[in-house]
Amino acid sequence: MIKTVLIISLLVFQCHTLVFAQQRFEDINWLTEIHPPQNYLVNNQATGISVDILLAIWSKLGVSNKRDDIKIFPWARGYLMLEKHQNTCLFGMSMTKERKKKFKFVGPYMNNIIGIIVKKSKAIKVVNYEGLISHKNLVRIGSVRDDIGAELLLNRGYPPEKLHLVNSTKSLIKMLAID
């Protein structure tokens with residue numbers, strides 16, 4: 001059972017230009033974002049489901065890395081670091097056809113539900129993708145830069161000029177509160 005959990009748990013990671021047989025785990029830059037319950041900070045340390053899985057893998061494999069070796073960045077910065085730096089692993093990323101062309105994935109380890117949030121007072125009701133494009137009161141959609149939500153919208157033809165990109169979920173929440 002533990003062996004099965006370990007094998008399934010290994011499916012969590014996607015890494016850029018990384019060959020495990022030739023690379024020590026200790027030499028990899030381990031990155032994630034704040035995305036509870038998968039990844040978040042407690043007392044300035046990475047924690048969450050994905051972090052716990054990674055720590056269990058390290059322990060099982062005898063890797064000397066510790067929780068402090070996991071760095072949390074805003075999504076857009078972590079994604080850019082993954083694109084630009086070798087020996088980098090950004091774990092907990094949604095897997096898409098487009099991303100599979102750019103990165104090496106192991107996974108998936110959990111399902112991800114992508115949604116759109118709107119203030120209840122706006123009374124905007126959309127039941128399908130076509131409704132997003134045609135809704136007269138939906139002026140624009142905010143998303144975190146390089147996030148799966150923005151990627152999915154753009155890949156389906158959502159007008160880029162109606163997409164407002166920011167660097168963090170915190171910025172989106174502030175924008176929603178102001179609107």
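**Figure 1. Glu-26, a partly exposed residue in a salt-bridge network.** Glu-26 has a relative accessible area of 27%, so it counts as partly exposed. This is a predicted model. Glu-26 pairs with Arg-24 in a salt bridge, and their closest N and O atoms are 3.9 Å apart. Arg-24 also meets the side chain of Asp-27 in a salt bridge, at 3.1 Å from N to O. Asp-27 is partly exposed too, because its relative accessibility is 37%. Together, Arg-24, Glu-26 and Asp-27 are linked in a network of salt bridges. Side chains of opposite charge can pair when their charged atoms come close.

**Figure 2. A salt bridge between helix 3 and helix 4.** Glu-83 forms a salt bridge with Lys-102, with the closest N and O atoms 2.4 Å apart. Glu-83 lies in helix 3, residues 75–84, and Lys-102 lies in helix 4, residues 97–102, so the pair ties together parts that are 19 residues apart in sequence. Are these two residues buried or partly exposed? Glu-83 is partly exposed, with a relative accessible area of 28%. Lys-102 is partly exposed as well, at 40% relative accessibility. The whole structure has 4 salt bridges.

**Figure 3. The largest nonpolar core.** This core has 13 residues. Those with the most contacts inside it are Trp-30, Val-51, Leu-54, Trp-58, Ile-70 and Phe-91. Helix 2 (49–61) and strand 5 (70–72) each supply at least two of the core residues. Which element gives the largest share? Helix 2 does, with 4 residues. In soluble globular proteins, nonpolar side chains tend to be buried together.

**Figure 4. Helix 2 and its buried residues.** Helix 2 has 13 residues. From its first C-alpha to its last it reaches 18 Å, close to the 18 Å expected at 1.5 Å a residue. Buried residues in helix 2 are Ser-50, Val-51, Ile-53, Leu-54, Leu-55, Ile-57 and Trp-58. Gly-62 follows the helix, and its phi is positive, near 75 degrees.

**Figure 5. Trp-30 against Trp-58.** The whole structure holds 4 aromatic pairs. In one of them, Trp-30 and Trp-58 meet edge-to-face, 5.4 Å centre to centre and with 75 degrees between the planes. Trp-30 lies in strand 2 (residues 29–32) and Trp-58 in helix 2, so the pair ties together parts that are 28 residues apart in sequence. Trp-30 counts as buried, at 1% relative accessibility. Trp-58 is buried at 0%. Phe-25 joins Trp-30 and Trp-58 in one aromatic cluster.

**Figure 6. Trp-75 and Tyr-79, an aromatic pair.** The ring centres of Trp-75 and Tyr-79 are 5.9 Å apart and their planes stand at 45 degrees, so the pair is tilted. Both residues lie in helix 3, 4 residues apart, which is about one turn of the helix. Trp-75 is buried, with a relative accessible area of 6%. Tyr-79 is buried at 4% relative accessibility.

**Figure 7. The protein as a whole, for orientation.** The secondary structure comes to 7 helices and 9 strands. Of the 179 residues, 37% are buried. Among contacts with a separation of 6 or more, 60% join residues 24 or more positions apart. The protein exposes about 11,300 Å², and carbon and sulfur atoms supply 56% of this area.

Definitions and conventions
Residues numbered from 1 in each chain as written. Predicted model: local features only at pLDDT ≥ 70, side-chain atom pairs only at ≥ 80, totals over all residues. Heavy atoms only, no water. Core = buried A, V, L, I, M, F, W, Y, C linked by side-chain atoms within 4.5 Å. Buried < 20%, exposed > 50% of the residue type's maximum accessible area, 1.4 Å probe, protein only. Expected span 1.5 Å × (residues − 1). Contact = heavy atoms within 4.5 Å. Areas by Shrake-Rupley, 256 points an atom, 1.4 Å probe, with all protein chains shown as cover. Phe/Tyr/Trp six-rings, centres within 6.5 Å; stacked < 30°, edge-to-face > 60°.
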